[in-house]
Amino acid sequence: MNGIHFPGLGIHFWNVLDGFTIFGIEIKLYAVVIALGFVLALLVASREARLSRQNEETYLDFFLWLIIPAIVGARIYYVIFSWDEYYEKGKGFWKTFVDIINIREGGLAIYGGLIVGTFVAFVFNKKKKLSLPLMGDTVCMGVLIGQMLGRWGNFFNREVFGDYTKSFIRMAIPVDYFANEGSLNRYLDEGIITNKMLMNPEIVGKRTACITVYPAFLLEGLWCLAVLILILLYRRHKKFDGELSLIYIMGYGLGRFLIEGIRTDSLMLGNIKVSQLVALICFFGAMGLMVYNHVRILRGHTPKCHSIMKLSEYRELRAAEKKSAEKEETAEKKTGEKKEAAEKKNSEKKTADKNEADGKKKTSAEEETAENKTEKNKTAARDEDVDNSSDNKKNGAGKKNNKTSKSTKK
């Protein structure tokens, strides 16, 4: 019941889960794959930034700007063109709102994310005074990798498949899976699962009845891989900034137009498949800009073009940067050592000066004490002399009085 099969290729996945639980919290694999796509897109963009001599931290800042608006844009785009899926009379505002913001079950449209992402990139480059075409060239390969991974999120959710087929690339999904999920009747009403699919089931394994459909998610992922390889091979030969992003828009637009034609779950605007319409607009718009820029080059105009370094050049640059960083580190270390030695010397000098000052102060105090002592001794001596002189005077006066007395007696 939980299996997904490719009978024509002899590939069988017997138990494909759509999520797992951690500490009682259910985490959908769709969300994990989308998050992983953002991370890989950032890593690839950062590497391309280094190869084109840009500051890779700029792209980390940009992705921090981008993540939430891109997801919101992808969701709003999807909800607008599938409003009947969310709005039911009497359902209530709060329940409708909760269903709209619940993206764990899927429901993100890549074109919505790309439109909002382009607007965010425009604002970011305007604020940072950077080049939008150059940023487009730098991130386009990362975006393609993110899209390829995102399509495997559709695989886990059993969505983004095409019409009935018996071709060798057919994908078989058990009917019971949709019945147990409660989505079978809705898919029948919306034409995602057709009567033709149900009337022509394929038995897989032990009598498991499966619908067989085009694996549109896989076809789109392979198309994105082809566009990625094309850009990867051409990127060192680009003629102007923005050319790689135009190749991406043209390539993805053409592939999306073709693959959307076999899908049964397309977003509709009346009888028109919205993604096919947007794909055509993107394709011809990018082609027009491509022709315009190449004509200007043929007429002698020299556009801005940031070349992509070869790996050997990049390694040499990295080696030079590493050597320069080591020299700076050594110079800083020497400067630090010199500074430390100077500080130590100054500290020792200050200590010596302080000790000398303390010694002088102590000597001065001792001298002052000695002088005070000498002065005291002198003062004591003078006082003693004065006392002796007074005593002598008294003794002399006594002797004189005695003589006078003796004379009187006679």
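These legends walk through a few close-up views of a predicted model.

**View 1. Phe13 meets Phe155.** Here two aromatic rings pair up edge-to-face. Their centres are 5.9 Å apart, and the planes make an angle of 75°. The pair ties together distant parts of the chain, with Phe13 coming from strand S2 (residues 11-13) and Phe155 from helix H5 (residues 132-157). In sequence, the two partners sit 142 residues apart. How buried or exposed is each ring's residue? Phe13 is partly exposed, because its relative accessible area is 37%, between the 20% and 50% cut-offs. Phe155 comes in at 6%, so Phe155 counts as buried.

**View 2. A cluster of rings.** Step back from that pair and Phe13 and Phe155 turn out to belong to a cluster. Trp152, Phe156 and Phe217 are in it too, and ring pairs do the linking. Across the structure there are 16 aromatic pairs.

**View 3. Greasy residues on the surface.** This view shows a nonpolar patch on the surface, made of Leu60, Leu64, Trp65, Phe119, Phe122, Val123 and Leu132. Together these residues have about 660 Å² of accessible area. Which elements give two or more residues to the patch? They are helix H2 (57-80) and helix H4 (110-128). Phe119, one of the patch members, lies in helix H4. With a relative accessible area of 55%, Phe119 is over the 50% cut-off and so counts as exposed.

**View 4. Glu260 at the end of its helix range.** Helix H10 covers residues 243-260, and Glu260 lies in it. Is Glu260 buried or exposed? Its relative accessibility is just 1%, so Glu260 counts as buried; the cut-off for that is under 20%. The side chain of Glu260 makes a polar contact, at 2.7 Å, with the side chain of Ser266. If you skip the neighbours within four places in sequence, Glu260 is in contact with Ser266, Lys273, Ser275 and Gln276.

**View 5. Val44 and its partners from further along the chain.** Val44 has its place in helix H1 (residues 29-51). Which residues does Val44 touch, once those up to four places away in sequence are left out? The answer is Met141, Gly142 and Ile145. Look for Thr138 as well: Val44 and Thr138 are 94 residues apart in sequence, yet their C-alpha atoms are 8.5 Å apart in space.

Definitions and conventions:
Residues are numbered from 1 along each chain as its sequence is written. This is a predicted model: local features need pLDDT of at least 70, side-chain atom pairs count only at pLDDT 80 or more; totals for chains, interfaces and linings use all residues. Side-chain values use heavy atoms; hydrogens and water are left out. Helices (H or I, at least four residues) and strands (E, at least two) are DSSP runs, numbered from the N terminus. Buried means under 20% relative accessible area, exposed over 50%, partly exposed in between (1.4 Å probe, protein chains only). A polar contact is a pair of N or O atoms within 3.5 Å; within protein, one must be able to donate a hydrogen and the other to accept it, and residues adjacent in sequence count only if both atoms are side-chain atoms. Contact means heavy atoms within 4.5 Å. Patches are made of residues with over 30% relative accessible area and no salt bridge: like charges are joined within 9 Å, nonpolar side chains (Val, Leu, Ile, Met, Phe, Trp, Tyr) within 5 Å. Accessible areas come from the Shrake-Rupley method with a 1.4 Å probe; for residues, only the protein chains shown count as cover. A salt bridge is a side-chain nitrogen of Lys or Arg within 4 Å of a carboxyl oxygen of Asp or Glu. Rings of Phe, Tyr and Trp (its six-membered ring) pair if their centres lie within 6.5 Å; planes under 30 degrees apart count as stacked, over 60 as edge-to-face and the rest as tilted.
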